[in-house]
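Student: Could you pick one part of this structure and take me through it closely? I'd like to see how it fits in with what surrounds it.

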Amino acid sequence: MDKWKIGSVYFVLLGAVVLWFGCWELITSCGITDEWATDWLKLSAEAMGWISIWRGLVTSLAGLLIMLGAFRFSDDEGFGTSVVGSIMLWIVAGSDILKMLCTSIPGTGSWLNTFHRFLETYAPPYPAAIWLLPFSLVILHFIVLKGQKINKESQ
Amino acid sequence: MTLKGDERWELIDEITRKTVRLEEDKQSLLDIVGELTVRPTTGLPLAIAVLFGFFSFFYTFGLSFLMMLLDPLFKDLIIPWLLETIPGRGPTLEECSFIFSVLVGDPNALHSFEYLGVLTSGLYTAIGVVLPAVIAFYMMMAILEDSGYMPRLAVLLDTVFNKIGLQGFAAVPMLLSFGCNVPGVEATRNLETKKQRFMMVALLGIFIPCGAQLGVMLQVVPEHLGFILLYLVVSFFIAGVFLSEFTPGRSPEMILDIPPYRMPQWGNICIKTWHNVVGFLGTAVPMVLIGILIVNILYLVGVITWIGSVLSPLFLGYFGVPEETAMPLVMAFLRKDVAIAQITAITMTTAQKIIAVTLVSIYFPCLATFIMVLKEEGMISLLKTIAILIVCFFVFGGLMQGIVTILGI
């Protein structure tokens with residue numbers, strides 16, 4: 001099987017997983033189901049309910065675009081759609097990472113956090129987007145492949 | 001040398017053959033993504049994600065990180081020093097000297113917002129809350145502009161804005177106004193006709209809260225900010241439909257050259273942010289301090305209490321908020337962010353807080369915005385804007401009261 005077919009299957013599956021987590025985040029933040037967390041994974045990462053809804057919507061749409069694009073992965077437009085979906089997932093994961101960084105440094109009522117609390121901020125559970133981030137980075141490999149393909153064709 | 005017509009064309013062909021290379025145009029990945037960004041099916045979800053990232057950065061970096069770093073400076077150093085240094089402190093506000101009441105405010109306040117003194121709440125709001133929010137906002141704006149995303153957002157939103165007689169270009173002043181209404185009003189120069197400029201200026205001044213105001217709203221009503229913002233944006237478009245109908249003039253279609261996506265340069269982002277923040281502080285800090293000074297003096301001589309009692313039937317009966325809301329409404333004319341901060345000092349139910357924050361938001365834009373509207377659009381447009389504003393204040397303020405009652409908040 002060529003790389004683009006493997007990529008297509010991989011991103012359809014990844015898109016489905018992202019969509020599933022996004023929908024779960026969305027219904028949890030709407031209060032339809034209870035908040036859910038294990039030692040490693042938590043669903044609703046926002047302090048304010050309305051931001052959680054927004055976040056769930058972005059994650060769901062990201063999953064949908066990754067999946068829909070992956071069905072036509074070798075085609076320029078399909079691949080581009082998966083890239084757009086991945087960028088959306090990176091925005092959510094990036095926001096989570098930034099939040100960890102920003103809450104780890106200042107303390108409560110003091111300028112700097114204690115070393116223990118600083119480390120504690122980086123401990124799990126992590127939101128779903130952070131877990132899904134490394135899997136979505138596979139698209140970078142295909143971006144390189146696509147660039148090489150375009151260069152070859154133009155030569 | 002003189003050439004005949006045919007010879008001239010032959011020479012052009014010859015030069016073209018030697019200098020121009022023709023080949024098939026192959027789209028790069030950036031071109032493909034660029035095209036998908038302006039298509040509604042892929043562009044709208046990405047816009048929702050980009051705005052989420054924008055807000056997340058604004059909240060996390062501006063209001064959590066920078067604000068938490070600045071907060072102890074006020075809480076532990078500046079305010080205790082002012083309480084000790086300014087003469088005339090008494091056990092309660094009524095027993096304090098005039099100077100102490102104006103400069104420091106209530107000596108028993110528990111939060112920096114609640115002192116309501118020029119040097120306490122005034123400096124805290126301007127430097128401790130507004131500055132972090134403004135830095136974060138302008139950093140993100142610079143990234144969006146330099147990456148080439150802003151024109152794409154304008155194209156994407158063109159259909160929506162067209163419904164109210166505006167163009168996609170209106171997205172730029174609208175987003176800028178979420179930082180500060182002053183550059184927002186300035187950016188309406190992008191719009192083509194006088195009708196569009198007037199409409200946009202009026203709608204921005206009434207419905208779009210500035211970054212400073214948003215920062216304070218996030219501290220005062222964090223759980224309901226999404227609801228209030230949604231209400232303001234929907235009201236923006238409802239009022240826009242009516243304004244478009246009744247404002248004479250043309251609403252032409254938009255023609256825009258979209259630049260390619262580019263990696264933003266950090267140096268440029270820092271310079272842009274620096275210029276915007278310096279410009280903002282130059283107008284905001286003096287305005288905050290003068291505003292609190294005037295309101296405090298009016299309060300101490302009894303004018304605010306008098307306005308409150310005169311307007312009490314309106315506040316209590318029509319909007320359902322306490323008569324003390326008069327104080328933030330007077331302040332809102334000078335600085336809306338400080339006005340919202342003043343709401344924290346009034347005892348209110350959650351529903352009343354939501355209505356009061358909405359009222360302050362759709363009330364007169366701050367003085368700096370007024371001056372800018374006068375400069376850009378002239379006195380007649382300013383007077384028309386004030387008339388629209390008064391109508392919107394009663395219509396949308398009263399509507400919010402109804403919605404909050406129906407929702408049972």
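Tutor: Let's zoom in on helix α15 (residues 336-343) of chain B: eight of its eight residues are buried, so the rest of the structure largely encloses it. Before going on, keep in mind that this is a predicted model, in which local features need pLDDT of at least 70 and side-chain atom pairs count only at pLDDT 80 or more, while totals for chains, interfaces and linings use all residues. Residues are numbered from 1 along each chain as its sequence is written, and chains are lettered from A, with ligands numbered from 1, in the order in which they are written.

Now a couple of terms. "Buried" means that 20 or more other C-beta atoms (placed from the backbone) lie within 10 Å of a residue's own; 12 or fewer makes it exposed, and anything in between is partly exposed. Helices are DSSP runs of H or I with at least four residues, strands are runs of E with at least two, and both are numbered from the N terminus.

So who sits in this helix? The buried residues of α15(B) are B:K336, B:D337, B:V338, B:A339, B:I340, B:A341, B:Q342 and B:I343. They pack against α5, α10 (211-220), α12 (266-300), α14 (326-332) and α16 (350-362) of chain B. Packing here is about contacts, and two residues are in contact if their C-beta atoms, placed from the backbone, lie within 7 Å.

Two of those neighbours, α5(B) and α10(B), also meet each other. Their axes come within 8 Å and cross at roughly 115 degrees. Axes are lines fitted to C-alpha atoms, for helices over the stretch in contact, and the angles run from 0 to 180 degrees between N-to-C directions. That makes α5(B) and α10(B) roughly perpendicular: this label covers 65 to 115 degrees, while under 35 is roughly parallel, over 145 roughly antiparallel and the rest oblique. The crossing of α5(B) past α10(B) is right-handed, which means the near helix is turned clockwise from the far one by less than a right angle; anticlockwise would be left-handed.

Which residues do the touching? From α5(B) come B:T125, B:V129, B:V130, B:A133, B:V134 and B:F137, and α10(B) offers B:G211, B:A212, B:L214, B:G215, B:V216 and B:Q219. Sort them by class and you get eight nonpolar, four polar and no charged residues. In that sorting, Ala, Val, Leu, Ile, Met, Phe, Trp, Tyr, Cys and Pro are nonpolar, Asp, Glu, Lys and Arg are charged, and the others, Gly among them, are polar.

Take B:A133 from that list. Beyond residues up to four places away in sequence, B:A133 touches B:F58, B:G62, B:L63, B:G211, B:A212, B:L214 and B:G215. B:A133 is also, along with A:M88 and B:M140, among the residues with the most contacts inside the largest nonpolar core, which has 163 residues. A nonpolar core is a set of buried Ala, Val, Leu, Ile, Met, Phe, Trp, Tyr and Cys residues joined through C-beta atoms within 7 Å. Helix α5 (residues 118-147) of chain B gives the largest share of this core, 20 residues.

Let's step back to the whole chain. Chain B has 18 helices and zero strands, and its C-alpha trace spans about 100 × 45 × 45 Å along its principal axes. Of its 409 residues, 46% count as buried. Among contacts in chain B with a separation of 6 or more, 71% join residues 24 or more positions apart.

Chain B also has a partner. Chain A has six helices and two strands, with 41% of its 155 residues buried. Where the chains touch, 35 residues come from chain A and 28 from chain B. On the chain A side, α3(A) gives the most, with 14 residues. Another helix there, α2(A), packs with helix α3 (residues 40-85) of chain B at an angle of about 140 degrees, their axes 10 Å apart, so the two are oblique. Smaller spots join in too: B:L29 touches A:G80, A:I143, A:K146 and A:G147, and with 18 C-beta neighbours inside 10 Å B:L29 counts as partly exposed.
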